[in-house]
Amino acid sequence: MALFDLSLDDLRAYNPRPLAPPDLEEYWARTLTQARSLAPASSATVAQVSTRLTVVEAYDVTFPGFGADPVRGWLHLPAGTSGRLPTVVRYLGYTGGRGLAHEVPVWALAGYACLTVDTRGQGTGTTAGDTADPGGTQGPSYPGFMTRGILDPETYYYRRVFTDAVRAVDAVRLHPRVDPDRVAVTGASQGGGISIAAAALADGLVGAMPDVPFLCHFRRATEITDEEPYAEIAAYVKVHRDHLDRVFRTLSYVDGAVLGRLASVPALFSVALMDKVCPPSTVFAAFNAYGGLDKEIAVYPYNEHEGGQTFHHRAQLDWLAARIGA
């Protein structure tokens, strides 16, 4: 794969600032208030499960998400520790689910509590999931998740997903082993886009680590790449030509290059310059628009959508430790 997007110098200056809907903050405030009114975060259930792992404890978590729908996750804690722990809430890539209880993220091995959150309706891709999407979809949609309910911000799929992401933070903060003042969010690809949303919408986070984030600068993404999942949107409007304006209006409510402007917490982004799934200019559009002043971006020049992988995990560990005093 060769370079196909803007030069790195141009990317660093690229700040298109897609148009924000005038009621963006009201829309999300209303959405989250409604979700919290239907079921308190304290109604979450947590049950320890056996994994035969000796250095990590695993707990099956169910918490109320959008519409009080049950959302599943795994909470991993380093074994043999006591007191309240710094915590990472981890969101997942497109089509992936929370997997099995013994699939332990590096954060639990580094001394953090880590909540891995299912993405509703997904979990038949690389890893299995256990969370349904009772809200379903309204109207026609292209196969996949990108166009479900896309003609109206009220019915759009990612309204539900982003609400689940914030409610995951609400729920994990109430766990007796979690330090509620030291919670960060992360995720790669779709999980990176979700972590930008969580940084914008959840209060009091200590950091966000969007890794090669998806769900950013939709209009440009659909114009410069044929790769899925952005191609789902292009395929939809190719047939529904009369829905173009409605589609991009809906997407403006969940666009990381729009929603991220509301964030103020420190952030460590990453980008891969040969990434055709999440083109570099879409990532830089979100990074440059991000509202927090303490922000960095790790650049992987010869990588595609895999990004920095374990090299970047090491960078994340160092970055977060510096911000929580570990």
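1. A residue counts as buried here when its relative accessible area is under 20%. By that cut-off, 57% of the 326 residues in the protein are buried. Keep in mind that this is a predicted model.

2. On the overall fold: the protein has 11 helices and nine strands. Its radius of gyration is 19 Å, close to the 20 Å that the globule rule gives for 326 residues, so the protein is as compact as a globular protein of that length. Along the principal axes, the C-alpha atoms fill a box of roughly 55 × 40 × 35 Å.

3. Contacts reach a long way along the chain. Taking those with a separation of 6 or more, 75% are between residues 24 or more positions apart.

4. Now the surface and the charges. About 13100 Å² is exposed, and carbon and sulfur atoms supply 52% of that. There are 28 positive and 35 negative side chains, with the centres of the two sets 3 Å apart.

5. Have a look at helix α7, residues 230–239. Its buried residues are Y230, A231, E232, I233, Y236 and V237. They pack against α6 (218–224), α8 (244–251) and α10 (280–289).

6. T155 is worth a click too. This residue sits in the loop between β5 (113–117) and α4 (157–172). Is T155 buried or exposed? Its relative accessible area is 17%, and the cut-off for buried is under 20%, so T155 is buried. A polar atom of the T155 side chain lies 2.9 Å from the backbone oxygen of G149. Leaving out residues up to four places away in sequence, T155 touches Q138, R148, G149 and R160.

Notes: Residues are numbered from 1 along each chain as its sequence is written. This is a predicted model: local features need pLDDT of at least 70, side-chain atom pairs count only at pLDDT 80 or more; totals for chains, interfaces and linings use all residues. Side-chain values use heavy atoms; hydrogens and water are left out. Helices (H or I, at least four residues) and strands (E, at least two) are DSSP runs, numbered from the N terminus. The radius of gyration is taken over C-alpha atoms; the globule rule is 2.2 Å times the number of residues to the power 0.38. Buried means under 20% relative accessible area, exposed over 50%, partly exposed in between (1.4 Å probe, protein chains only). Contact means heavy atoms within 4.5 Å. Accessible areas come from the Shrake-Rupley method with a 1.4 Å probe; for residues, only the protein chains shown count as cover. Lys and Arg count as positive and Asp and Glu as negative; His and the chain ends are not counted. The place of a charge is taken as NZ of Lys, CZ of Arg, CG of Asp or CD of Glu. A polar contact is a pair of N or O atoms within 3.5 Å; within protein, one must be able to donate a hydrogen and the other to accept it, and residues adjacent in sequence count only if both atoms are side-chain atoms.
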